[in-house]
Amino acid sequence: MHRRRLLTGAAALAASASLLPSQTGTAHATPRAASPGLPPRAEITAVLRRVADQWIGAHTDPGDNGWANATFFSGLLALQRLTGSARYLAYARGWAEKHAYGLNGGVTTRHADNHNAGQAYLDLYEREPDEQKLTAIETSLHRMVYEDQPDKNDDWWWDDALHMAMPPFARIGVLRQDPQYGEKLYALYHHTKRIEGGPGLYDATTGLWYRDKRFLPGGITSPTGKPVVWSRGNGWVTGGHAKTLKALPPGAPHTAEYRDTLTRLVTAVAGVQRGDGFWNVNLADATHLPGPETSGTSFFLYGTSYAIGAGLVDRPTYLPVAARAWNGLVTTAVHPDGFLGYVQNVGDRPESSQPVTYDTTAGFGVGAFLLAGTELALLSRS
C-alpha cells in the first residue's frame, strides 16, 4: 500500500482543524457528546440490518433506477456482501431486473447521475456473472471513451458526479483490462478538480470541494458571509474516491493522487466534527442551519473508515472520529424500528430540503448509512 502521505498522531488531526473557520456555536447545536468507542461488529451489523429491513419493508416496490435509489442499492449490496443475506440479494436483483439493467437516458447518456445505477449492476454481476447485466453501463461508458466526443471532459460539472460515475469507469476498466477507461476517468476528474469554473471545484488550501462553480470564492455565501462548503457535496466526493480506490489496483495510474486527495479530505473534516459525532450541513459555517444531518455524516464515516483500513490515516487517531460518528448516528438518527432520520433530502446546498428533522429520510441517505456501517464493521476486531 502506498503510504507516502500517511498522517499520524494527534498533531495531524489538530492541524486539520485550522483548515476551516472556527466552529463557534457548535456547543449550542450539539448538546450531547457521542462516545468515541467502537462497538462490536455484531452490534454494528444488527443496526445495519434493522435499518435495511425497515426500508425494504416500507418499499415493496424497489423503485426507479435513478441516482438516489441506486445509492441505496450500492449500500444494500455492501451489506449483503458482509452478511451473505439471500433476501438482500433477491431484493436488489428484483430491482435491477425490473429495469432490465438499463440506465436513465439510455446508453447514449453522458450524465453521471444516470451512470450511478451501474455500480449496483456491477455488484450483482460479481455475485452472479452474466454479461447482459453490464451491457447498458459498459456501452454508455465505452461511447464516452471511444465514440461520443472522446475529448470532451466537462461532463462532471458538480462534485456529486465523482461518486456517481468515477467507480463505474474504474471498475469497467479493471474488468476489461482496458486502461483507457482509467484515463478517461482521470480526464473527467481533472476537469472537475482543477478547471471547472476557472480554478476547479477543489480548494487545495483546505482539501475540501465546492459543490459547483456558483459557490467558488466571490459567489454564493452563507447568511453571515462565510463560504458555503456543503457537507453532502463533500460526502459524495469522499464516497467516490473510496469506491474508486477499492476498485483500482494499488499501482494503477493516478491512484496516488486519489489517495492523497481522500486523505486530505478525511483529515480536514475530522477537524470540524461536531461533539455529537455529526457534521454540519455547511462545513465552513457552524451557525448556518445547525443541527444533525445524516447523509453527509454517513459518507464522511464511510471515507474515514476506508482510509483507516487502507492505512491512509493513523488508526489510533482517526478510529475515534469514525466511532463517534457511528455512535452519534445510531443514538440520534436511527429510530427504534430502523427508520433513519435527519437525512437532508434532494438538493444542492445547506438550504435545500429544510428543515431536516428526526422524521426526514431518503433512500440515498439510507444507502450512505449502510455503506458507512459496513466499512466500519470491517475495522472491528471483535
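In this predicted model, the largest pocket holds about 480 Å³ of space. Its lining is made up of 21 residues, and those lying nearest the centre are Arg81, Asp123, Glu126, Arg171 and Lys246. Two or more lining residues are contributed by each of helix H4 (67-83), helix H7 (117-127), helix H9 (161-176), helix H11 (231-247) and helix H15 (363-377). Of these elements, H7 supplies the largest share of the lining, five residues. By class, the lining of the largest pocket comprises eleven nonpolar, three polar and seven charged residues.

Several of the residues nearest the centre of this pocket also take part in charged pairs. Arg81 forms a salt bridge with Asp123, in which the closest N and O atoms are 3.6 Å apart. Because Arg81 belongs to helix H4 and Asp123 to helix H7, this pair ties together parts that are 42 residues apart in sequence. The two partners fall into separate accessibility classes: Arg81 is partly exposed, at a relative accessible area of 48%, whereas Asp123 is buried, at 5%.

A further salt bridge joins Glu126 to Arg171, with 3.1 Å between the closest N and O atoms. Here too distant parts of the chain are linked, since Glu126 lies in helix H7 and Arg171 in helix H9, 45 residues apart. Glu126 has a relative accessibility of 49% and therefore counts as partly exposed; Arg171, at 15%, counts as buried. Arg81, Asp123, Glu126 and Arg171 are thus among the residues nearest the centre of the largest pocket, with Arg81 paired to Asp123 and Glu126 paired to Arg171.

Across the structure, the count comes to 23 salt bridges. Another of them is formed by the side chains of Asp212 and Arg211, at an N to O distance of 2.9 Å. Asp212 is buried, with a relative accessible area of 2%, and Arg211 is likewise buried, with a value of 10%. Elsewhere, salt bridges with shared partners join Arg110, Arg143, Asp148, Lys152, Asp154 and Asp155 into one network.

The second largest pocket contains about 220 Å³ of space. It is lined by 17 residues, of which Pro179, Gly182, Leu248, Ala252 and Pro253 lie nearest the centre. The elements that give two or more residues to this lining are H9 and helix H10 (179-194). H10 makes the greatest contribution to the lining of the second largest pocket, at five residues. Eleven nonpolar, four polar and two charged residues make up this lining. H9 therefore appears among the elements that line the largest pocket as well as among those that line the second largest pocket.

Aromatic contacts were examined next. A search of the whole structure finds 21 aromatic pairs. In one of these, the ring centres of Trp55 and Phe72 are 5.8 Å apart and the ring planes lie at 35°, so the pair is tilted. The pair connects distant parts of the chain, with Trp55 in helix H3 (residues 41-58) and Phe72 in helix H4, 17 residues apart. Both partners are buried: Trp55 has a relative accessibility of 10%, and Phe72 has a relative accessible area of 0%.

The pair formed by Trp156 and Phe169 is edge-to-face, with 6.0 Å from centre to centre and 65° between the planes. Trp156 is located in the loop between helix H8 (135-147) and H9, and Phe169 in helix H9, so this pair ties together parts that are 13 residues apart in sequence. Trp156 and Phe169 are both buried. On a wider scale, ring pairs link Trp55, Phe72, Phe73, Tyr91, Trp95, Tyr101 and Tyr121 into a cluster.

Helix H13 (residues 294-309) consists of 16 residues and reaches 22 Å from its first C-alpha to its last, close to the 22 Å expected at 1.5 Å a residue. Of the 16 residues of H13, 15 are buried, so the helix is largely enclosed by the rest of the structure. Just after H13, Gly311 adopts a positive phi of about 75°.

Notes
Residues numbered from 1 in each chain as written. Predicted model: local features only at pLDDT ≥ 70, side-chain atom pairs only at ≥ 80, totals over all residues. Heavy atoms only, no water. Helix = DSSP H or I, 4+ residues; strand = E, 2+ residues; numbered from the N terminus. Expected span 1.5 Å × (residues − 1). Buried < 20%, exposed > 50% of the residue type's maximum accessible area, 1.4 Å probe, protein only. 1 Å grid on protein atoms, 1.4 Å probe; cavity = no way out; pocket = protein on both sides within 12 Å on 5 of 7 lines; lining within 4 Å. Points joined across faces, edges and corners; volume = space filled by probe spheres on them. Nonpolar A, V, L, I, M, F, W, Y, C, P; charged D, E, K, R; others polar. Salt bridge = Lys/Arg side-chain N within 4 Å of Asp/Glu carboxyl O. Phe/Tyr/Trp six-rings, centres within 6.5 Å; stacked < 30°, edge-to-face > 60°.
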